Every structure is written in structure tokens, then in C-alpha cells.
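I opened this notebook to keep track of what I looked up, one entry at a time. The entries begin with the sheet and end with a single residue.

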Amino acid sequence: STEEKIWEQVHDAKLDALEDIIYETGSPVLVAYHFKHDLIRLMKRFPKARYFTARKDDRLEREWNAGKHRVLFAHPASAAHGMNLQYGPGHTIAFFSLTWSYERYKQLIARIGFARAQRKVMVHRIIAHGTVDNAIVNAMQHKAHGNRAIMNALKEYKNVRQKST
């Protein structure tokens with residue numbers, strides 16, 4: 001549907017928490033958002049920040065990796081695959097709003113993490129208690145447990161097969 005969704009700002013607590021993360025960390029911060037209205041609010045609070053659009057932006061990717069941006073906003077559907085942000089100084093990611101997709105969640109973290117085994121990625125999830133954020137976190141934890149169970153079962157199967165041959 002092309003109709004405009006109506007939303008109402010209730011508080012700035014999550015913006016305040018993100019501001020604390022940005023100013024307290026020693027590295028650039030990749031910030032994940034889920035809704036267009038989140039991006040509007042984020043850009044209003046952090047006007048110097050940049051954001052990825054739905055298309056791959058090689059220039060912005062190079063600038064991030066060169067350490068030219070302190071804050072970069074990304075929607076997990078746009079940046080979870082194909083972006084190569086792991087060579088820059090940024091090793092902090094903050095989820096301003098969470099995605100229901102565990103795969104996109106993990107892949108977005110991997111955008112700044114896999115090549116950098118010598119340095120851990122700091123992941124912050126900004127959660128407003130008593131909101132849908134709690135349901136998303138619970139769903140993601142169940143998905144994570146399910147994925148680990150599948151991987152463990154596959155490893156066990158591989159070990160049994162190798163012993164029987």
C-alpha cells in the first residue's frame with residue numbers, strides 16, 4: 001500500500017541511549033534502524049551522520065572503511081548482504097530498532113566483524129521495556145537457539161558418518 005502510515009513520537013529515551021553509545025565508544029558506530037520514521041528521527045538528532053539507501057553505495061562504503069564517518073545508519077534489509085564495512089575502524093553496532101529477521105541481524109553484525117578476528121564487535125541493542133522490543137528480543141533468542149541446535153546436530157551427524165566409514 002502506498003498510503004502514509006501515521007506514527008506518534010512517545011519519547012526520546014532510545015535516541016538519548018544511542019547518543020550515549022555514540023559519544024562513549026571510541027570507534028565509529030553503525031546504527032541499524034527498521035522503520036522510515038526511525039531514520040527521520042535519527043537524522044534529525046544526528047544531522048552529520050550518513051545512511052545507506054536501498055542500493056549499494058561503493059563511495060559510502062569506501063568512506064566508512066577509511067574512517068571518514070562517525071555514525072552510519074543502515075537498514076538490515078539494505079546492508080546485511082553485500083556491504084563490506086569490515087576494513088574500517090568501526091567495530092560498534094547499535095540496533096536502534098530490531099529486525100524480526102535473525103539472519104539479517106547476524107549478517108549486519110558480520111558486515112563489520114568477520115575480517116577483524118583480532119577485535120571483537122561491540123553489539124548494543126536499545127530496548128524500550130514494556131514494548132514490542134521485548135517480543136523481538138525473545139523471538140531472536142529462540143531463533144538463535146534453533147540455529148545452534150541445527151548446527152550442533154549437523155556436526156554430530158558428520159562425526160558419526162566419519163567414524164562409520
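Entry 1, a term to settle. I count two strands as paired if DSSP finds at least two bridges between them. I also note that the model is a predicted one. With that in hand, I looked up β4 and strand β5 (residues 122-125), and found that they pair in the parallel sense over 4 bridges. Within this pairing, Ala94 has His124 as its bridge partner in β5.

Entry 2, the whole chain. I found 6 helices and 5 strands, and, read from the N terminus, the elements follow the order α-β-α-β-α-β-α-β-α-β-α. Of the 165 residues in the chain, 39% are buried. Among contacts with a separation of 6 or more, I noted that 73% join residues 24 or more positions apart.

Entry 3, the order of the sheet. Which strands stand at the edges of the sheet? I first wrote down that the 5 strands form an open sheet in the order β2-β3-β1-β4-β5, with parallel pairing. The edges are taken by β2 (50-51) and β5, and because each has a single partner strand, one side of each is left without a neighbour in the sheet.

Entry 4, the neighbours of β1. Strand β1 (residues 29-32) pairs with β4 in the parallel sense over 4 bridges, and there I found Val31 matched with Ala94 as its bridge partner. With strand β3 (residues 71-74), β1 also pairs in the parallel sense over 4 bridges, and in that strand the bridge partner of Val29 is Val71.

Entry 5, the two faces of β4. In a regular strand, side chains alternate between the two faces of the sheet. For strand β4 (residues 92-95) I looked up both sides: Thr92 and Ala94 lie on one, Ile93 and Phe95 on the other, and all of them are buried, which leaves both faces covered.

Entry 6, helices across the sheet. Helix α1 (residues 13-24) lies across β1, β3, β4 and β5, and runs at about 180 degrees to β4. Helix α2 (residues 36-45) lies across β1, β2 and β3, and its direction is at about 170 degrees to β3.

Entry 7, Ser97. Is Ser97 buried or exposed? I located Ser97 in the loop between β4 and α5 (102-111), and its relative accessibility is 7%, so Ser97 counts as buried, the cut-off being under 20%. A polar atom of the Ser97 side chain lies 2.6 Å from the backbone nitrogen of His34. Leaving aside residues up to four places away in sequence, Ser97 touches Lys14, Ala32, Tyr33, His34, Phe35 and Asp38.

Definitions and conventions
Residues are numbered from 1 along each chain as its sequence is written. This is a predicted model: local features need pLDDT of at least 70, side-chain atom pairs count only at pLDDT 80 or more; totals for chains, interfaces and linings use all residues. Side-chain values use heavy atoms; hydrogens and water are left out. Buried means under 20% relative accessible area, exposed over 50%, partly exposed in between (1.4 Å probe, protein chains only). Contact means heavy atoms within 4.5 Å. A polar contact is a pair of N or O atoms within 3.5 Å; within protein, one must be able to donate a hydrogen and the other to accept it, and residues adjacent in sequence count only if both atoms are side-chain atoms. Axes are lines fitted to C-alpha atoms, for helices over the stretch in contact, and angles run from 0 to 180 degrees between N-to-C directions.
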